[in-house]
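Hi,

Here is the structure for you to look over. My notes follow it.

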Amino acid sequence: MGSVDLDKIYKDFVLPDKKGLIQVARAEKPNTSDEEIIKLGFVLKKLFPEKIKEIGIPGHFFLTSLYESDLTFCNCTFHIPDDNLNVKSLTNSNLLLREQIIKFVDFLKEEIPGFKNSYITSTSPNLGVRKTRIFDCLYELKEEEIIKGRSFYDQIGKMSFVDLPNKFVEDGGWVGLPFRAMIPEKIDNILLAGRMISHDKVAHETTRNTVPCMIQGQAAGTAAAICAQKNISPKAIDIKELKSTLRNADVLLD
């Protein structure tokens with residue numbers, strides 16, 4: 001969206017009672033010397049419970065703006081379809097989400113200071129599917145391992161963000177992503193990269209995010225190259241060689 005005033009939203013809407021505040025982050029934007037709000041999150045359903053229910057929009061709202069006088073990314077739409085693998089269901093989700101965006105923008109302009117002069121500049125060309133089929137893998141991450149920030153002998157990267165309310169890696173730490181969690185139990189010569197691993201809800205809401213998916217992708221590509229060179233399956237790969245190759249490519253492992 002364009003012409004969104006994050007500072008006004010925070011000072012005039014969120015700050016007075018902080019009832020709905022989830023997060024606020026500040027930093028120096030490029031070509032500026034003062035810290036400004038770059039991310040703001042709050043729970044609308046605590047502030048407008050009846051209105052949110054009436055117009056059918058999600059209760060959580062996150063705003064991100066990284067450049068001075070630039071566009072603001074609004075993370076606010078959500079819908080659970082009948083079946084993420086069904087074309088008709090996905091088409092219906094696309095229609096519902098775009099209707100949701102229009103309703104949401106009208107609501108923001110009417111109810112929240114800082115959105116009065118705002119407008120839509122663009123929307124995502126496609127919806128983002130968070131979860132469909134999940135594979136049974138050689139290793140299944142569990143909630144306790146995520147929260148406690150466990151490390152693994154075969155980790156191919158590090159994660160730190162749990163996308164669930166009141167769930168965090170302890171002490172602002174990190175958890176390792178084991179290579180075994182990317183290898184299916186019953187199918188040979190396949191590596192999984194993305195939102196296909198982790199049955200556990202907390203683990204899935206950690207591994208499915210952008211950075212962990214990038215980590216998985218780089219590890220899968222690197223491992224596939226090693227396997228092709230040596231004519232072996234992923235289950236037979238030398239973990240030390242894989243980690244050494246990733247480390248040489250500046251992947252943060254330790």
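Among the elements of the chain, helix α2 (residues 44–47) has the lowest mean pLDDT, at 84, and helix α8 (residues 239–248) has the highest, at 98. Here pLDDT is the predictor's confidence in each residue, from 0 to 100. Helices (H or I, at least four residues) and strands (E, at least two) are DSSP runs, numbered from the N terminus. The chain averages a pLDDT of 91, and 100% of the residues score at least 70.

Some ground rules. This is a predicted model, in which local features need pLDDT of at least 70 and side-chain atom pairs count only at pLDDT 80 or more, while totals for chains, interfaces and linings use all residues. Residues are numbered from 1 along each chain as its sequence is written, and side-chain values use heavy atoms, with hydrogens and water left out.

**The sheet**

Four strands form an open sheet in the order β1-β2-β3-β4, with antiparallel pairing. Two strands pair if DSSP finds at least two bridges between them. β1 and β4 (73–75) stand at the edges with a single partner strand each, so one side of each has no neighbour in the sheet. Neighbouring strands are turned by 15° against each other on average, direction ignored. α1 packs on this sheet and touches β1, β2 and β3 (60–64). Contact means heavy atoms within 4.5 Å. The direction of α1 makes about 50° with that of β2. Axes are lines fitted to C-alpha atoms, for helices over the stretch in contact, and angles run from 0 to 180 degrees between N-to-C directions.

**The hairpin**

β1 (residues 21–28) and β2 run antiparallel, joined by seven bridges. Leu21 has Phe42 of β2 as its bridge partner. Arg26 is partnered by Ile37. Six residues lie between the two strands of this hairpin, and Asn31 in the turn has a positive phi of about 70°.

**The second largest pocket**

A pocket is an open set of points on a 1 Å grid over the protein atoms alone, where a 1.4 Å probe fits, with protein on both sides within 12 Å along at least five of seven lines; lining residues have an atom within 4 Å of a point. The second largest one is lined by 18 residues, and Leu6, Asp7, Lys29, Glu36 and Ile37 lie nearest its centre. α1 gives the most to this lining, with four residues.

Best wishes
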